[in-house]
Amino acid sequence: MWLLRHSSLMGSSDIDNWICEARDSTVSFLKDHVEQPLLSIRDELFETFRKRHKGVMELDEVQLTAKSLHRMLLTFSEQTKRQKFPENISDQEMLEIVMARYEKELVHPIQNLLGGELGRALLIQIQKLKLDIETAMLELNQILRANEINFAILAALPAFFLSLLLLMLVRAWFKKDTRAEGRGRIARIQRRLLIVEIERRIMQYQTCVDQGLEQDAKCMYGLMLYSLDRLYRAVERHAQATGEWLYLRQDIIDVGKPGIRTAYKVTTISRMERVYDCLLPSTKRP
């Protein structure tokens, strides 16, 4: 009754206003917590790909520094050892030669800084330090880019799980609302309960009419029509399969007609639950 009082059937716009507010709130929520995080993830992905393209240049710079260090180490090692080294010799081996020479040069630092190899050894160490810093910055940059995507995904997760929960609730409600259309024992019970509900609404409607409660009578009649519509949808497929639909459909329509007496409607309801196969009680017991 409360639902009908606030519906457009009774001239009230409350439900329409509530639906509009709920729709606007839902659209706003989806925009703020679903659309924007997803767009952020998309932008971050494309931006990461663009930065990754730029990162190739940074990698080339690191490789350039590494090649320069390798040439400096090779030249220093060949001049120090006075022998030719292969091009593929490792930097670690040559660094050992540089450090050994560096330790010897430190015995007389002032003299060797001016006339020895101490200056070159220091420059090689600076170049090595530059390579280590560039490598660390490149790795750090990659970590930060990966975290940007992770944070964007994490921002969308709450909205995703909430949307999934709402979808599950709607799905559960929809299944619950339409389970009277099934073929099992539970579905038969639900259809028979609809018959009971319709009969009760008819009696409540007649009571309101006898008491002169015109407004309440209209509400009860609307609820009875709603229950009839649910029954109509629940039995249609089953009655068509058994060939009963033509007669059952006419009985449902007769029950919904406002000009037919209540006694005839009650008799029709009683006949429906006794005659039609889809409304008979289940023969199987648990």
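Is D132 buried, partly exposed or exposed? At 37% relative accessibility, D132 is partly exposed. The legends below describe close-up views of a predicted model, and D132 returns in the view of its salt bridge with K128.

**View 1. The whole chain is built from helices, with 9 helices and 0 strands.** Read from the N terminus, the order of elements is α-α-α-α-α-α-α-α-α. The protein has 286 residues, of which 27% count as buried. Its accessible surface amounts to about 19400 Å², and carbon and sulfur atoms contribute 60% of that area. Among contacts between residues at least 6 apart in sequence, 61% join residues at least 24 apart. The structure as a whole contains 8 salt bridges, and three of them are described in the views that follow.

**View 2. K128 and D132 form a salt bridge in helix α5.** The closest N and O atoms of K128 and D132 are 3.0 Å apart. The two residues are 4 residues apart in helix α5, so about one helical turn separates them. K128 is partly exposed, with a relative accessible area of 26%. D132 is also classed as partly exposed, at 37%. Side chains of opposite charge can pair when their charged atoms come close.

**View 3. E105 and R101 form a salt bridge in helix α3.** Helix α3 covers residues 91-105 and holds both partners, which lie 4 residues apart, about one turn of the helix. Their closest N and O atoms are 3.1 Å apart. E105 has a relative accessibility of 5%; buried means under 20%, so E105 counts as buried. R101, at 30% relative accessibility, is partly exposed.

**View 4. A salt bridge joins R271 to D251.** The closest N and O atoms of this pair are 2.9 Å apart. The pair links distant parts of the chain, with R271 in helix α9 (residues 262-275) and D251 in helix α8 (residues 245-256), 20 residues apart. R271 counts as partly exposed at 28% relative accessibility, whereas D251 counts as buried at 7%.

**View 5. Helix α6 packs its buried residues against α7, α8 and α9.** Helix α6 runs over residues 185-210. Its 26 residues should span 38 Å at 1.5 Å a residue, and the end C-alpha atoms are 38 Å apart, so the expected span and the model agree. The buried residues of α6 are A187, R188, Q190, R191, L194, I195, I198, I202 and C208. One of the helices they pack against, α7, covers residues 214-242. Just after α6, G212 adopts a positive phi of about 75°.

**View 6. A nonpolar patch of about 780 Å² lies on the surface.** The patch is made by I153, L154, L157, F160, F161, L164, L167 and M168. M168 belongs to helix α5, which covers residues 118-178. M168 has a relative accessible area of 52%; exposed means over 50%, so M168 counts as exposed.

Definitions and conventions
Residues are numbered from 1 along each chain as its sequence is written. This is a predicted model: local features need pLDDT of at least 70, side-chain atom pairs count only at pLDDT 80 or more; totals for chains, interfaces and linings use all residues. Side-chain values use heavy atoms; hydrogens and water are left out. Patches are made of residues with over 30% relative accessible area and no salt bridge: like charges are joined within 9 Å, nonpolar side chains (Val, Leu, Ile, Met, Phe, Trp, Tyr) within 5 Å. Accessible areas come from the Shrake-Rupley method with a 1.4 Å probe; for residues, only the protein chains shown count as cover. A salt bridge is a side-chain nitrogen of Lys or Arg within 4 Å of a carboxyl oxygen of Asp or Glu. Buried means under 20% relative accessible area, exposed over 50%, partly exposed in between (1.4 Å probe, protein chains only). Contact means heavy atoms within 4.5 Å. The expected span of a helix is 1.5 Å times one less than its number of residues.
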